[in-house]
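I set out to keep a short notebook on one protein model. My entries follow the order in which I looked things up.

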Amino acid sequence: MSRIIVTGGAGNIGSALTKSLLEKPEYEVTVVDNLTTGNLNKLPQNHPRLKFIKADVNDNSELSDIMLANRFDYVFHYAAMVGVKRTQENPVGVLKDIDGIKHLLNLSKNTSVKRFFFSSSSEVYGEPVSIPQHEETTPLNSRVPYAVVKNVGEAFCRSFHQEYGLDYTIFRFFNTYGPGQTADFVMTKFIKLALSNEPLTIYGDGSQTRTFCYVEDNIEATIKALKNDLFINDVVNIGGSKIITILDLAKLIIDVTGSKSQIEHLPPLKEGDMTRRQPDNSKMKQILNRDLIGLEEGIQLLLKDESFRSYINA
Ligand SMILES: NC(=O)c1ccc[n+]([C@@H]2O[C@H](COP(=O)([O-])OP(=O)(O)OC[C@H]3O[C@@H](n4cnc5c(N)ncnc54)[C@H](O)[C@@H]3O)[C@@H](O)[C@H]2O)c1
């Protein structure tokens, strides 16, 4: 039995990871989450191999008690302040996440954790110097505090490995959507608005491009990286590679949901809304060894998901 801690495990990606780990009998999972953007109802209730602890990962004393009492084999550090609006409105608060990363790495080293998995972000590339964005060759151009935190987090992972031999894998997540995502994010926001026939609002002209990854692809890739000992002390982009403009995404969602919504344009955001983003996801594809879930298929999967529908209607 492997003992795993998932910080941020009541969030979108963390809860999907937790559920998937629990489907395999060899994992026991402890979720630590302060429930700021997470929600307990994203997690299985009364599962015999799941423990939930409400705590702030940036508080060292709480984290020490948890890590020392449990002796985990693997750490998935997914807790973070997220969302362009929230992180821009809390430019000092978001930097506190550096404390959590540092404490957790330190405690992982002291409790002989076998590997530290860190959820970094496509934001570390900043305004892209080259497309598609490649883990080794694309320079990191991060400026906004959220991206700087991820960049510093990556540096901490590498330094802890270099100095103390703690193994790590850095996942640079690109836009990942799924039933557990809050309406702070474009996919959920657009679907929610489309289902109620309200206008879909876009910052600027909507020509900014994104790729979208259905959460199942993300989870299968990350669990395979764990199970098959892949990408140890390495960085892996986790994201879809098919580009779409935000305007076309809005049109697609209106079409798929059969909505009467109109599209409205707002002034462009001052910063943090990158014009282009596209991962080189060759490493991820190598892990998955199959095609990724297409965008329209992913939207259909979301619409069929009962937990998503009840969340959207709440
Ligand atoms: N979803 C994406 O598209 C995306 C893209 C890039 C990076 N990421 C990264 O992936 C991770 C998961 O993101 P998500 O989309 O699931 O977001 P989410 O908001 O659904 O999940 C984050 C979780 O962390 C918890 N949390 C936040 N601060 C905490 C703290 N100090 N202590 C304890 N818990 C805390 C929240 O309550 C929430 O449950 C984050 O690290 C995020 O930066 C996500």
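**Entry 1. An unusual backbone angle**

In which loop does leucine 35 lie? I looked it up in the model, which is a predicted one. I found leucine 35 in the loop between β2 (27–33) and β3 (50–54). I had stopped at leucine 35 for its phi, which is near 60°, a positive value in a residue other than glycine. I noted for comparison that most residues other than glycine have a negative phi.

**Entry 2. A cis peptide bond**

I next looked at the peptide bonds. Most peptide bonds are trans. I recorded a cis bond between isoleucine 131 and proline 132, where omega is about -5°. I then located proline 132 in the loop between β5 and α5 (145–164).

**Entry 3. Overall form**

I looked up the secondary structure and wrote down eleven helices and 13 strands for the protein. Along its principal axes, I noted, the C-alpha trace spans about 55 × 45 × 40 Å. How does the radius of gyration of the protein stand against that of a compact globule? For 314 residues a compact globule would have a value near 20 Å, and I found 19 Å for the protein, which agrees.

**Entry 4. Around the ligand**

I turned to the ligand and found that 29 residues surround it. The closest are Gly8, Gly11, Asn12, Gly38 and Ala80. Two elements, α1 (12–22) and β5 (115–121), give two or more residues to this shell. Which element gives the most to the shell? I found that α1 does, with three residues. I also sorted the shell by class and obtained ten nonpolar, 17 polar and two charged residues.

**Entry 5. Helices α2 and α4**

I went on to pairs of helices. Two packed helices are described by the angle between their axes and the distance between the axes. For helix α2 (residues 60–70) and helix α4 (residues 97–110), I noted an angle of about 25° and axes 10 Å apart. Angles under 35 degrees count as roughly parallel, and α2 and α4 are therefore roughly parallel to each other. I recorded their crossing as right-handed. On the α2 side the contact is made by Asn60, Leu63, Ser64 and Met67, and on the α4 side by His103, Leu104 and Leu107. By class I listed four nonpolar, three polar and no charged residues in this contact.

**Entry 6. Helices α6 and α8**

I then looked up helix α6 (residues 186–195), which packs with α8 at an angle of about 40°, the axes being 10 Å apart. That makes α6 oblique to α8. I noted that α6 passes α8 in a right-handed crossing. Which residues of the two helices meet? From α6 I listed Val186, Phe190, Ile191, Ala194 and Leu195, which meet Ile246, Leu249, Ala250, Ile253, Ile254 and Thr257 in α8. The residues of this contact divide into ten nonpolar, one polar and no charged.

**Entry 7. Helices α8 and α10**

My last pair was helix α8 (residues 246–257) and helix α10 (residues 295–304), whose axes come within 11 Å and cross at roughly 50°. That makes α8 oblique to α10. I recorded this crossing, too, as right-handed. In α8 I found Leu252, Ile253 and Val256, which meet Leu295, Glu296, Ile299 and Gln300 of α10. How many nonpolar, polar and charged residues does the contact have? I wrote down five nonpolar, one polar and one charged. Comparing my lists, I saw Ile253 of α8 in the contact with α6 and again in the contact with α10.

Terms used. Residues are numbered from 1 along each chain as its sequence is written. This is a predicted model: local features need pLDDT of at least 70, side-chain atom pairs count only at pLDDT 80 or more; totals for chains, interfaces and linings use all residues. Axes are lines fitted to C-alpha atoms, for helices over the stretch in contact, and angles run from 0 to 180 degrees between N-to-C directions. Helices (H or I, at least four residues) and strands (E, at least two) are DSSP runs, numbered from the N terminus. Angles under 35 degrees count as roughly parallel, over 145 as roughly antiparallel, 65 to 115 as roughly perpendicular and the rest as oblique. A crossing is left-handed if the near helix is turned anticlockwise from the far one by less than a right angle, and right-handed if clockwise. Two residues are in contact if their C-beta atoms, placed from the backbone, lie within 7 Å. Ala, Val, Leu, Ile, Met, Phe, Trp, Tyr, Cys and Pro count as nonpolar, Asp, Glu, Lys and Arg as charged, and the others, Gly among them, as polar. A residue is near a molecule or strand if its C-beta atom, placed from the backbone, lies within 6 Å of it. The radius of gyration is taken over C-alpha atoms; the globule rule is 2.2 Å times the number of residues to the power 0.38.
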